Amino acid sequence: MNRSVKVAVIGAGVSGLVVARELKRENHNVVVFEQNNRIGGNWIYDPKTESDPLSIDPNRETVHSSLYISLRTNLPRQLMSFRDYPFVRSESDPRMFPGHDEVLRFLDRFADEFGINELTRFDTRVIRVERGEEGWIVESLSRGSELVTREVFESVVVCSGHNSSPRIAKIPGIEKWGGYQMHSHNYRVPEPFHDQIVLLVGYGPSAFDIAVDILKVAKEVHVAVKENPFGVKFQNLIYHDMIKCVNEDGSIAFQDGSSIFADTVIHCTGYRYHFPYLETKGIVTVEDECVGPLYKHIFPPSLAPWLSFIGIISKEPIFAIVELQAMWVARVLSGKILLPTEEEMMKSVQNIYDEMEKNGLPKTCALSLRPLQGDYKNWLAAQVGLPPLEVWRENLLIECFKKLVALPTKYRDQWDGAYWDSIIQTTSTL
């Protein structure tokens with residue numbers, strides 16, 4: 001069987017680009033909806049920030065990108081490549097860990113080579129997706145127009161990302177605090193924090209980058225963190241336990257008994273899954289960090305294969321996984337691969353939830369694949385007739401994390417390309 005269906009792809013970031021390519025390869029009729037005026041998604045640097053620095057006002061002027069101007073990748077190029085389309089070094093930025101603008105150039109080349117721009121409706125925001133009697137109804141609005149376009153598709157693939165709807169830390173007493181608050185989503189450059197005392201809440205990779213960036217200009221930078229994976233010591237960088245409360249005198253108290261007065265609090269507390277345009281009448285639930293039920297983290301069993309989600313897994317390099325997910329979805333839609341029954345798919349999802357409950361883990365961890373990421377990727381590869389992923393990929397990722405912990409401010413440049421290439425070559429010959 002080799003059917004061709006009309007598919008709406010929501011978003012032209014990394015996931016949307018590779019999904020569009022694989023759907024096109026399977027001869028599906030593809031339309032990509034992209035609210036920006038170019039491809040790239042979260043890799044588009046936008047100096048603008050949202051009208052609400054905390055990004056909680058539903059009526060705020062929104063900005064999709066979360067990039068700050070100094071951002072460099074924390075993964076080498078090899079882990080940001082597709083199987084048949086490597087992220088090679090270029091004259092514009094030959095570093096193994098390039099800046100965000102080099103990643104965008106890579107995605108531009110990918111879109112040009114595979115004709116994705118021709119499939120994409122730019123400056124077009126999807127405002128509603130709902131299943132009707134005739135198929136999936138997609139309503140969209142072009143920039144500058146008040147006329148809603150209504151179109152019917154046989155299938156919808158959600159690729160709109162999960163790094164643009166911020167989560168805010170709950171701090172007792174913060175509502176009476178007189179200082180400035182923002183989410184890291186709205187951080188761009190360090191200059192506004194000149195000579196300030198700044199407190200960062202949370203300490204993931206972006207928070208670490210921002211802390212180091214702000215140290216150049218701030219009087220002090222404090223970090224409230226549950227666990228500190230980096231342990232980096234700098235002058236004027238001070239670590240605390242998590243925040244206990246904000247006192248009446250305006251001081252911020254921590255669980256370790258210390259307290260400070262700060263000018264600015266930056267919430268580096270991550271993002272929540274948010275698909276405001278999607279209406280499934282409760283079939284798919286989206287609760288902060290959990291989207292479900294999803295068979296193999298992609299298909300809602302009762303709506304499969306006509307609704308799917310690509311790239312919403314977390315804590316895992318995205319490029320290799322979304323490519324395999326995209327290949328699988330494209331072949332399922334063409335009829336080359338058959339899904340199990342709805343009951344079997346639901347049982348598979350429930351088995352994951354049961355295993356997590358058994359291990360004391362919340363459902364919110366369902367989309368964090370580790371330590372089962374290898375099994376998942378190899379299962380997808382087998383489904384589409386590919387060999388297991390190369391062992392060097394996981395070994396390179398492990399080595400990156402080791403270097404990140406050992407020398408977090410220098411690991412990107414401490415070892416040149418030959419060092420990282422040697423890990424690949426050594427692993428490949430084992």
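Two strands count as paired when DSSP finds at least two bridges between them. In this predicted model, strand 8 (residues 180-183) and strand 15 meet that criterion, since four bridges join them and the strands run parallel.

Strand 15, which spans residues 264-267, is a convenient place to begin. Thr 264 and Ile 266 point one way from this strand, while Val 265 and His 267 point the other way. In a regular strand the side chains alternate between the two faces of the sheet. The four residues of strand 15 are all buried.

Strand 15 also pairs with strand 9 (residues 197-201), in the parallel sense and over four bridges. Thr 264 takes part in both pairings: it is the bridge partner of Tyr 180 and also the bridge partner of Val 198.

From strand pairing the account turns to charged side chains. Side chains of opposite charge can pair when their charged atoms come close. A search of the whole structure finds 24 salt bridges. One of them joins the side chains of Glu 26 and Lys 336, with an N to O distance of 3.2 Å. This pair links distant parts of the chain, the two residues being 310 residues apart. Glu 26 lies in the loop between helix 1 (14-25) and strand 2 (29-33), whereas Lys 336 lies in the loop between helix 4 (318-334) and helix 5 (342-358). Glu 26 is buried, because its relative accessible area of 7% falls under the 20% limit. Lys 336, at 48% relative accessibility, counts as partly exposed.

A salt bridge within a helix is formed by the side chains of Arg 105 and Glu 102, at 3.0 Å from N to O. Both residues belong to helix 2 (residues 100-113); they are three residues apart, and therefore separated by about one helical turn. Here Glu 102 is buried, with a relative accessible area of 0%, while Arg 105 is partly exposed at 30%.

Glu 130 and Arg 128 provide a further example, their side chains meeting in a salt bridge of 3.0 Å, N to O. Arg 128 is partly exposed, with a relative accessible area of 32%.

Salt bridges also link residues into a network in this model. Its members are Arg 21, Glu 22, Arg 25, Asp 84, Glu 323 and Arg 331.

Terms used
Residues numbered from 1 in each chain as written. Predicted model: local features only at pLDDT ≥ 70, side-chain atom pairs only at ≥ 80, totals over all residues. Heavy atoms only, no water. Buried < 20%, exposed > 50% of the residue type's maximum accessible area, 1.4 Å probe, protein only. Salt bridge = Lys/Arg side-chain N within 4 Å of Asp/Glu carboxyl O.
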